[in-house]
Amino acid sequence: MKNYDLAIIGRGPVGLALAALAGQLQLKAVVIEKHRDLYALPRAGHVDHEIVRLFQSLGVADAMLADSYPTTEYVWVNAQRELLLEFDWGAKGISGYNSDYMQFQPVFETALGDKLSSAETVDQMLGWEARSLTEDADGVELQLARTKMVPGQVRPVATDEIETIRARFVVAADGANSSVRRMLEIERDDFGFNEKWLVVDARKKRDFSLDFDCGQICDPKRPVTVLPLGKRHRRWEWALMPGETAADLEKPEAAWKLLAEQNVFPDDVEIIRQLVYTFEARHAQQWSKGRIFLAGDAAHTTPPFMGQGMCSGLRDAKNLAWKMDLIVRGISEPSLLDTYEQERSPHTRDWTIISLEAGKVPCTLDPEEARLRDEKFRDGWMPPMPDFPKLVDGILASPATGSPAYLNGTLGLQASVKRDGRVALFDDFFPSTRFVLVSTVANPACVLSRDQIDKLEAIGVWFVHVGTGPNADVQDVDGTYAAYFRDNHIEAVVHRPDFYVFGASEKLGDLGALVDDLLNQLHLTTDLRARQTGTTHEDRTNAY
């Protein structure tokens with residue numbers, strides 16, 4: 001029987017990313033997927049700068065960006081195509097990339113799949129599905145059944161061929177209809193949003209113009225979403241109206257009739273998918289049982305109006321990966337994973353609520369309400385714009401450290417720096433497999449004790465002085481770090497491996513208290529240093 005550190009059920013974007021992260025960290029992992037091939041069609045179209053930074057960490061950002069469409073605006077127009085509201089999506093995000101991109105999902109999934117094919121510590125069991133999970137004190141035994149395609153069936157079916165494996169931890173990234181979630185008998189909270197929309201994805205045959213490139217048509221007769229999917233594809237979404245059926249709108253002539261209303265014709269595009277989706281807002285009431293964890297749509301489904309469904313799942317993967325790495329290496333106790341749901345559940349719940357609110361204005365179906373809404377916009381009304389979520393609980397600096405509370409749990413800065421004559425984004429020099437201590441005053445290690453440095457180095461850490469003088473580890477080429485530190489009145493900051501700020505210090509000399517707080521929160525094993533082997537963390541992460 002094969003034994004693994006981690007078994008991942010599902011090879012969608014979340015499972016792929018988690019497997020790639022596991023390979024990067026040299027975790028012994030297996031991906032289990034009932035289909036044999038990657039899904040060749042797009043599902044999610046949007047990623048934000050944080051997710052591009054995650055792709056950067058895995059070496060697949062360039063492939064995705066080469067076919068992505070950096071959005072500069074997102075608009076709401078009414079039925080008469082009168083502009084109601086324009087969102088500025090053209091700003092540079094704190095992660096070093098444009099704030100938002102529209103992309104063609106198979107591009108990055110293929111790149112991640114290529115990464116897995118060369119990952120020495122990751123196996124892939126394609127054409128297998130999990131039939132049962134049995135947990136004991138040391139891990140989980142998975143009984144798997146081989147699957148096959150049967151004529152007339154859309155999905156593969158299980159055969160009588162059975163194989164059993166073991167894993168220390170299991171992550172179910174098997175989608176909204178998660179079989180593992182059902183096995184665990186975990187219920188979901190329903191936010192009351194269950195709407196059917198026709199989704200049409202098309203490959204562009206030639207360039208053509210639309211009334212606008214990216215946004216919503218707020219028409220009470222039928223709300224419509226118009227999106228690019230990278231440089232070569234486009235997507236339209238139409239709400240199903242009362243009396244309509246999925247079967248009616250999935251007929252090819254229905255799609256062409258709706259596209260003609262957008263002045264799009266067969267000479268312009270080739271339809272590659274036409275399917276009625278049910279958009280829902282549901283949230284698992286618990287995200288784990290014992291050593292088995294839910295991630296992505298298995299744990300949460302989010303309406304599409306903010307484009308954060310897949311992004312949230314990819315954040316789940318990054319959160320799990322760095323914590324499992326510390327546990328497998330004997331640095332942290334398994335109880336560290338108690339912070340997974342503690343951190344991710346409130347964050348995704350907030351995104352779900354924001355997405356629900358964002359959909360209410362453009363999806364108004366009552367003509368009189370729509371008329372009054374349009375008048376309010378003409379009079380200068382702006383719907384309240386929520387703050388984007390940050391981590392609010394979990395491994396974050398305590399108030400006693402003096403860390404500015406508003407920074408804790410926000411995304412940490414990544415900008416261009418220069419080292420040895422080369423200019424690149426910060427993470428290209430200091431990969432996000434470690435904690436990062438950054439200061440614009442001096443190297444952060446200079447104010448820490450030997451014991452603090454030893455423990456941080458065992459965990460995995462970068463000590464980085466970003467400045468302009470000869471003593472700096474990297475040069476702040478654009479002054480971005482100097483401005484960030486100055487504007488936030490800090491001299492040092494601690495970033496977690498998932499890019500989030502653990503905490504910051506107003507004075508570099510106070511960093512020691514922040515480090516002690518971090519060490520106290522990482523559920524460290526009592527014999528932390530004794531458990532270290534001759535293989536360094538740098539050796540492990542550079543091997544991928």
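Helices and strands here are DSSP runs, numbered from the N terminus, a helix having at least four residues and a strand at least two. The model is predicted. Among its elements are an open sheet of eight strands and an open sheet of three. The largest nonpolar core has 104 residues, and five cavities of 30 Å³ or more are present.

**Eight-stranded sheet**

- The strand order is β6-β5-β13-β14-β15-β12-β16-β19, and the pairing is mixed.
- The edges are taken by β6 (83-88) and β19 (300-301); each has a single partner strand, so one side of each is left without a neighbour in the sheet.
- At the β19 end, strand β16 (residues 269-284) runs antiparallel to β19 and is joined to it by two bridges. Arg282 is the residue that stands opposite Thr301 of β19.
- Helix α7 (residues 252-260) lies across three strands, namely β12 (188-204), β15 (233-239) and β16. The direction of α7 is at about 90 degrees to β16.

**Strand β5 and its two partners**

- Antiparallel pairing over five bridges links β5 to β6. Glu73 has Asp88 in β6 as its bridge partner.
- The hairpin of β5 and β6 has four residues between the strands, and Arg81 in this hairpin takes a positive phi near 65 degrees.
- With strand β13 (residues 215-218), β5 pairs in the parallel sense over four bridges. Here Trp76 stands opposite Gln216 of β13.
- Is β5 largely enclosed by the rest of the structure, or left open? Five of its six residues are buried, so β5 is largely enclosed.

**Three-stranded sheet and helix α2**

- The order in this open sheet is β3-β7-β4, with antiparallel pairing. Its edge strands, β3 (46-48) and β4 (69-70), each pair on one side only.
- Two bridges connect β4 and strand β7 (residues 100-102) in the antiparallel sense. Pro70 has Tyr101 in β7 as its bridge partner.
- Helix α2 (residues 49-58) packs on this sheet and touches β3 and β7. The directions of α2 and β3 make an angle of about 80 degrees.

**Nonpolar cores**

- In soluble globular proteins, nonpolar side chains tend to be buried together.
- Within the largest core, of 104 residues, Phe55 and Leu142 have the most contacts. Helix α8 (residues 309-328) gives the most to this core, ten residues.
- Leaving aside residues up to four places away in sequence, Phe55 touches Val47, Val60, Ala61, Met64, Phe108 and Leu314.
- Another core, of 21 residues, lies apart from the largest one; among its members are Leu407, Tyr484, Phe485 and Ala504.

**Cavities and a pocket**

- The largest cavity holds about 80 Å³ of space. Its lining includes Glu50, Ile51 and Leu54, together with Arg315, Lys318 and Asn319.
- Other lining residues of the largest cavity are Arg344, Leu391, Arg496, Asp498, Phe499 and Tyr500. Helices α2 and α8 each supply at least two residues of this lining.
- The space in the second largest pocket is about 1,100 Å³. Of the 42 residues that line the pocket, Trp89, Met306, Trp351, Pro386 and Phe388 are the closest to its centre.
- At least two residues of the pocket lining come from each of β3, α2, β5 (73-78), β6 and α9 (338-360). Helix α9 provides the largest share, six residues.

**Positive phi in loops**

- Gln26 is not a glycine, yet its phi is positive, near 65 degrees. Gln26 is placed in the loop between α1 (13-24) and β2 (29-33).
- Gln26 has 22% relative accessibility and so counts as partly exposed, the class between under 20% for buried and over 50% for exposed.
- Asp420, also not a glycine, has a positive phi of about 50 degrees. The loop that holds Asp420 runs between β20 (416-419) and β21 (422-425).
- Asp420 is exposed, and its relative accessible area is 80%.

Definitions and conventions. Residues are numbered from 1 along each chain as its sequence is written. This is a predicted model: local features need pLDDT of at least 70, side-chain atom pairs count only at pLDDT 80 or more; totals for chains, interfaces and linings use all residues. Side-chain values use heavy atoms; hydrogens and water are left out. Two strands pair if DSSP finds at least two bridges between them. Contact means heavy atoms within 4.5 Å. Axes are lines fitted to C-alpha atoms, for helices over the stretch in contact, and angles run from 0 to 180 degrees between N-to-C directions. A nonpolar core is a set of buried Ala, Val, Leu, Ile, Met, Phe, Trp, Tyr and Cys residues joined through side-chain atoms within 4.5 Å. Buried means under 20% relative accessible area, exposed over 50%, partly exposed in between (1.4 Å probe, protein chains only). On a 1 Å grid over the protein atoms alone, a cavity is a set of points where a 1.4 Å probe fits but cannot get out, and a pocket is an open set with protein on both sides within 12 Å along at least five of seven lines; lining residues have an atom within 4 Å of a point. Grid points are joined across faces, edges and corners, and a volume is the space filled by probe spheres set on the points.
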